[in-house]
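I opened this entry to record the contacts, the sheet and the core of one model. The notes follow in the order of look-up.

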Amino acid sequence: MLTDVIRSRSSRKPAAPKRRARPRIEGLEDRLVLYSTLGAQWPYASRITYSFVPDGANIGGYSSSLFATLNAKYATATWQLQFQKAAAAWQAVAGINLCQVGDDGSALGVNGNQQGDPRFGDIRISAIPQASGTLAVCLTPPPVNGGTDAGDIILNSTSNWGVNTSYDLETVAIHEIGHALGLGHSAIQAACLYAYYNGTKQSLNTDDVNGIQSIWGPARSDIFNSNGQSNGLNTTAANLNGYIGSNGQAAIPNLTIGKTGQSEWFSVTVPSTTTGTFVARVQSTGLSILSPKLQVLTPSLSLLGSVASANFGDTVGITLTGVTAGTTYLIRVAGNTAGSAFGGYGLLLNFGSATQPLISPPYTAVAEQADLGGGSSSMEAETATVGDYTAQGDALEASELRGRRDAPPPPAAGPSAPGQGSTSAAAIDPGPWSSHGPAKPNRGRPASAGASTAAIPAVHQPNRRPSHKAIDAAIASWKARGLLGPSGS
Ligand SMILES: [Zn+2]
């Protein structure tokens, strides 16, 4: 495993962009490699979405059974919470916003946008039966995979899933979402991005944090907390009077809670056009998975209203009646540690008579492009196979003993019918399995809906290692457009 990682890293060309810079420790005898990155990432950091694929969707010729598999053991809210917590762990430390959206059940890899497709999340989470020993597969984000399949996560519906017990869903979700955000494997066994499942890991290792920040930068600061400004105290509240329009409304987008314990303080004075009602709302709905907290206070800090949500993405509001022109109020916004304490949001103030619309999500649509392949990671440009669908990606192996990269493939297993075998114990199956499959001639296309008898191919193809030029060119163009990194919007 360690040997594999070193080999793949040493084969990479030296990369100048800071995005790929990563620390190394030179030991006395052996060189330790830490995290790795894929040389792949989403064009827009401002909003990377994820969705739960409804059962029946065509995933490589199989019907996805995510809900049936996990609802057999847990309430929907319980298992979805494991993914939400995993997403929140990454959003807390990186300059990105993650956002849960709906999913229309389109087939894996259907033609559409590589990012910002309105039908489903950029990262789609599904489940089909896979070879025992594999817990989940993640298809590498763009531009390595150029279509809607980029970043998609497919669980093994036959694995014995658990919450706080093996195979712990949150642990696997953190690992796979890490891949979907551009991280490769780490050589650190305590890291969530270690290549094999080796126990429950529900918080990020320093190595994971260093890795994700090398790609996206740290959590962002908004305009009220940059260039020497801070609205972190009631005494430094940012005045919003200038944002109020003639309709008595103010909408301030692109705000962020990015630091532990951070509050943002604002002040506003009731305009002369007041109707006597003041509605203050904090919106992360459609923007991020921040769990918002809101308070409205008098300048002398008397609390007039307080509301909090533990939902991963929500909008909360406080309504004051009988307000009079010229009165000043303080508004305090923070993240709720009962949910996601970090993330982007917008602030909505309404002194007018019309209902105020929510802030629209940022534009993130990027059309489908040809798969560029390659990548620069410990994934070694592997071809991941999901049913009869292939793309660049990697599988999380249940254990190191079973997950040896160069182990011969097991006999091809015929798929079980959806819903069957969902409780078989992958942990005790001795068959090694590699995620490698035949190179796809083009982007993997979903098989016809009836093709449910496809065997699982497992052909090792270790030498496919395309040039990184195309990827570098694509990323350079994104950078030129100001899309990448903590300042991307
Ligand atoms: Zn992995």
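Which residues does Ile154 touch, not counting residues up to four places away in sequence? I found Ile59, Ser126, Ala127, Ile128, Ala136, Val137 and Val386, contact being C-beta atoms, placed from the backbone, within 7 Å.

I noted that this is a predicted model, in which local features need pLDDT of at least 70, side-chain atom pairs count only at pLDDT 80 or more, and totals for chains, interfaces and linings use all residues. Residues are numbered from 1 along each chain as its sequence is written.

I then looked up the core. The largest nonpolar core (buried Ala, Val, Leu, Ile, Met, Phe, Trp, Tyr and Cys joined through C-beta atoms within 7 Å; buried means 20 or more other C-beta atoms within 10 Å) holds 109 residues. Ala87, Ala136, Ile154 and Ile177 touch the most other members. Helix 3 gives the largest share, eight residues (helices are DSSP runs of H or I, at least four residues; strands are runs of E, at least two).

Next I traced the open sheet: seven strands, order 6-3-7-9-8-20-19, mixed pairing (at least two DSSP bridges per pair). Strand 6 (98–100) and strand 19 (383–386) are the edges, each pairing on one side only. Strand 8 (residues 134–139) runs antiparallel to strand 9 (residues 153–156), with three bridges; Cys138 has Ile153 as its bridge partner.

Last, I checked a helix. Helix 4 (residues 169–180) lies across strand 7, strand 8, strand 9 and strand 20 (389–397), at about 20° to strand 8 (angles from 0 to 180 degrees between N-to-C directions of axes fitted to C-alpha atoms, for helices over the stretch in contact).

Note on methods:
Two residues are in contact if their C-beta atoms, placed from the backbone, lie within 7 Å. A residue is buried if 20 or more other C-beta atoms lie within 10 Å of its own, exposed if 12 or fewer, and partly exposed in between; C-beta atoms are placed from the backbone.
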